[in-house]
Protein chains: 2
Amino acid sequence: MPKLTQEAIEENKEHIEEAAKQLFIKHGFHGTSMRLIAAQADVSLGNLYNYYKTKEDILQSIINKYELIINTRLKEIFDDIEEPLLPDNLVNFGKKVQSLVEEHYEFWLLMYIDVLEFQNRHCRKMFENLAERLNKRFYKHFDELKENKTINTGVDPGVAFTVAYLQFFNYFLIEKLFGGNNHLGISDSEAIVKISQLFSRAIFKPNALDLLHANNSKS
Amino acid sequence: MPKLTQEAIEENKEHIEEAAKQLFIKHGFHGTSMRLIAAQADVSLGNLYNYYKTKEDILQSIINKYELIINTRLKEIFDDIEEPLLPDNLVNFGKKVQSLVEEHYEFWLLMYIDVLEFQNRHCRKMFENLAERLNKRFYKHFDELKENKTINTGVDPGVAFTVAYLQFFNYFLIEKLFGGNNHLGISDSEAIVKISQLFSRAIFKPNALDLLHANNSKS
DNA sequence: TTATAAAGAACGGACGTTCATTTTCTAGTT
DNA sequence: AACTAGAAAATGAACGTCCGTTCTTTATAA
């Protein structure tokens, strides 16, 4: 047999990893056997080892690729919004986080596997210096808010946005994975609005908020 | 050997479960073997089956007991604070959540096991109707705030407190389990203050907040 | 023809659980 | 006070299965 093209190899790996992912999130890492992965991927047991050195290599590869997907999605979301702290944009951001969590909830299950079985070795970089990184991404918007004096004294927009960001993720993860169905006692879309409202009130001075609302109802 | 007293049985189980818990949270459920549990608990392999029908029974028992501990601690915290939305009390509440998470982070690891292997079957009741239950617990305080008109229009104190509650938990879980060391870019105690500040601003009308601060600096 | 991919048998060991055996301690009898 | 019978607890070897990985063999296609 001639050497497979890099593309073909990548395709085959994709196929194997999709099968492995489904099993990992259902039975955990140690609860999933190489035989099961081989069967689910319709590949022989031995052949798995032509693509991966060990079982952990498979998990590693899945997480690496998934991280890329998530980070790309996040970047898209951020690029779409640009000024995330404005009340309406916060609502929009919440909706986008909802889609992200619902489409890719499997990633967070993988992260829980990582937390449990590897002390989050593979995923921990997603949380390191989170506020700083968000600050860097949005420094223009945040600096503008600070100069405008539209935000409350003592409020760091970077910290505030990071908190809001985590709040949305946490809300939808609880809804999707932890079985809290409408745990705030209101629908998801109402929850987004309420949470956004809380953060808007927390961040903006009352008169600035009134102004924003006036502008909004005009348009 | 004569029959052990119920108390002695309970003590032995406690001992076994402590060992099993340490292993489960380190290697996951399937990553932990009965032999390892036996060794860690200094008990023979066979004897484990005098106390538990299966390995899953051990996990079940651990989670059941831990749930009781957490709920008791939460009740204590709530009884200690009574009016959790007042700014100073919110800071206090945050500190207590910090202690709770740091002392019992193992429980949340067990919950992730439950999420992964049992769709959170054992723990999901902790999130069901969360806001409603907190509302019931604090209806007096919340109703008073509503009547006083000290809170912003459109803010439901029950929802606001539930969001703050989850925010604190989430913050410390990220710090403890997900490897975000000071992920907000500030120390834990600063984070508590900042988050509390955000929620205070979100909930209370500005003049009410000024009044609360004035009262506070007087005392 | 030949390098390589795919296959699955084979290996050594570990798994959850069972079971025959031994140890332990109380209660009743000397 | 010493002894003993017996029930329950504790033990670890044994069972059958499955594990991750390796290795030999076969199939494939330029």
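**Exercise 1.** How many helices and how many strands make up the secondary structure of chain A? Then decide whether the chain is more spread out than a compact globule or not, and say why.

*Solution.* The model is a predicted one.
Step 1: chain A has 11 helices and zero strands. Read from the N terminus, its elements run α-α-α-α-α-α-α-α-α-α-α.
Step 2: the globule rule gives 17 Å for 219 residues, and the radius of gyration of chain A is 21 Å, well over that value, so chain A is more spread out than a compact globule.
Step 3: the C-alpha trace of chain A spans about 70 × 40 × 35 Å along its principal axes. Of the 219 residues, 39% count as buried.

**Exercise 2.** Describe the side of chain A that touches chain B, by elements and by residue class.

*Solution.* Step 1: the contact involves 45 residues of chain A and 46 residues of chain B.
Step 2: two or more residues each come from helix H6 (105–118), helix H7 (130–137), helix H9 (157–177) and helix H10 (188–203) of chain A. The largest share, nine residues, belongs to H9(A).
Step 3: sorted by class, this side of chain A holds 23 nonpolar, 16 polar and six charged residues.

**Exercise 3.** Is B:Ala8 buried or exposed, and why?

*Solution.* Step 1: locate B:Ala8, which lies in helix H1 (residues 6–27) of chain B.
Step 2: a residue is exposed if 12 or fewer other C-beta atoms lie within 10 Å of its own. B:Ala8 has 10 other C-beta atoms within 10 Å, and is therefore exposed.
Step 3: for a distance, take B:His104, 96 residues from B:Ala8 along the chain; their C-alpha atoms are separated by 25 Å.

Methods
Residues are numbered from 1 along each chain as its sequence is written. Chains are lettered from A and ligands numbered from 1 in the order in which they are written. This is a predicted model: local features need pLDDT of at least 70, side-chain atom pairs count only at pLDDT 80 or more; totals for chains, interfaces and linings use all residues. Two residues are in contact if their C-beta atoms, placed from the backbone, lie within 7 Å. Helices (H or I, at least four residues) and strands (E, at least two) are DSSP runs, numbered from the N terminus. Ala, Val, Leu, Ile, Met, Phe, Trp, Tyr, Cys and Pro count as nonpolar, Asp, Glu, Lys and Arg as charged, and the others, Gly among them, as polar. A residue is buried if 20 or more other C-beta atoms lie within 10 Å of its own, exposed if 12 or fewer, and partly exposed in between; C-beta atoms are placed from the backbone. The radius of gyration is taken over C-alpha atoms; the globule rule is 2.2 Å times the number of residues to the power 0.38.
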